[in-house]
Amino acid sequence: MDHLGRMRRLQEQLSQQRLDSFLVSQLSNIRYLCGFTGSAGALLLTERDRRCFTDGRYTSQARQEVKGAKVVVGRTPPLLAAAQWLGKHRRNSRSRTPQILGIEGEYLTVAAQKRLKDALPAGFRLREAPPLIERARMVKDTEEIQHIRAAVVVGASLFPTALETIRPGVRENEVAAVMEYAAHKAGAREMSFATIIAAGCRSALPHGRASEQPIPSEGFVVCDFGVILAGYCSDMTRTVYVGRVGEDARDIYEAVREAQQAAIETVRPGVTVGEVDRAARNLLKKCNLAKFFTHSTGHGVGLEIHEAPRVAAGQKEVLCPGMVITIEPGVYIPGKWGVRIEDMVLVTEHGREVLTPTSKQFTAL
Ligand code: ZN
Ligand code: ZN
């Protein structure tokens, strides 16, 4: 990974953003920039300096992992250590203009901001920095795409296991447990999120985590799952049917499948994510199902399961090559059932590549 390049590009933006320094506290942003994967860290960037602060538990791990920045192991929490370091090394300490320290306001609690302020000497001012790292992370480099592909393959390999396990009477969380065991055996360190297995009327809950409920004798089962490999997440959803299939089940499934396909086909460089969302919504409108599509069409995926861009109504972010997003429209009829289909899609030079290899044919078990 080109950690040094990532940090340098950010350093080059500091003066343009009118920041003297930038204190990165969000852990996956720290990982993205310098490679450190520990749970206590702060990365301080000035125009000339790159320092990763951590505590004694991570001394050897940080020395091994951090690339392109100096490791500082402190006795105080990393944020405060960074503040103290800044105080000691401030430039032009006699200058009257305040030194502006950029922070990640989205991730720093009010209490943490106060502690930081108290630890800084006079003459420093905190300012919420724009989401520079989140923007950089949207576009994946070749190595990141390789990791994502590998995570997608392992994630997709769990679906046949789900199909073998799903039958009436088996508890949802038993299906999830079998899938998660298979994931760990296949080399995944963690799941991207708690596996969603939502059967029968629970399939109408867009985020129905696997529960104690047994799978009923008839209805949809929504399976939404993913794994983390080498730090990168995968995410996919397939919905299958158990029991006797009626026309209405087939119709709703096909509507979602067509909506998903319509959204996928709009993906190409230069298109806004709002347009991708609209393609899915328009298709469902034609089937009078749009009001049951209650969430956004997708999201970026990478080091985190949900990252920029949000593929949602009205969003102006423009797709460009290297972005990896999900396309996951769903229809949820409260108290009855729900269907969602989700793939991961890579934006290529001229269009898109659907990374998820799994069939979307209507499947009845
Ligand atoms: Zn998902
Ligand atoms: Zn998703």
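**Reading helices and a zinc site**

User: What follows H2, and what is the sign of its phi?

Analyst: Gly35 follows H2, with a positive phi near 95°. Helices are DSSP runs of H or I, at least four residues, and strands are runs of E, at least two, numbered from the N terminus. This is a predicted model: local features need pLDDT of at least 70, side-chain atom pairs count only at pLDDT 80 or more, and totals for chains, interfaces and linings use all residues. Residues are numbered from 1 along each chain as its sequence is written, chains are lettered from A and ligands numbered from 1 in the order written, and side-chain values use heavy atoms, without hydrogens and water.

User: How many residues of H2 are buried?

Analyst: Buried means under 20% relative accessible area, exposed over 50%, partly exposed in between (1.4 Å probe, protein chains only). H2 spans residues 27-34, and 6 of its 8 residues are buried. They are Ser28, Asn29, Ile30, Tyr32, Leu33 and Cys34.

User: Is Glu172 buried or exposed?

Analyst: Glu172 has 1% relative accessibility, so it counts as buried. Its place is in helix H9 (residues 172-185). Contact means heavy atoms within 4.5 Å. Leaving out residues up to four places away in sequence, Glu172 touches Ile197, Ala198, Ala199, Arg202, Arg209, Ala210, Ser211 and Gln213.

User: At what angle do the axes of H7 and H8 cross?

Analyst: Axes are lines fitted to C-alpha atoms, for helices over the stretch in contact, with angles from 0 to 180 degrees between N-to-C directions. Angles under 35 degrees count as roughly parallel, over 145 as roughly antiparallel, 65 to 115 as roughly perpendicular and the rest as oblique. Here H7 (residues 142-156) and H8 (residues 158-165) cross at roughly 15°, their axes coming within 4 Å. H7 and H8 are therefore roughly parallel. Val154, Gly155 and Ala156 of H7 meet Leu158, Phe159 and Pro160 of H8.

User: Which protein donors hold the zinc ion (ligand 1)?

Analyst: Donors are N, O and S atoms within 2.8 Å of the metal (3.2 Å for Na, K and Ca); water is not among the atoms, so sites may look incomplete. For ligand 1 the protein donors are Asp224 (OD), Asp224 (OD), Asp235 (OD) and Glu342 (OE), at 2.0 to 2.6 Å. Asp224 and Glu342 are buried.

User: Which residue coordinates both zinc ions?

Analyst: Asp235 coordinates both the zinc ion (ligand 1) and the zinc ion (ligand 2), which are 3.1 Å apart. Asp224 lies in strand S9 (residues 219-225) and Glu342 in the loop between strands S17 (337-340) and S18 (343-347), so the pair ties together parts 118 residues apart in sequence.
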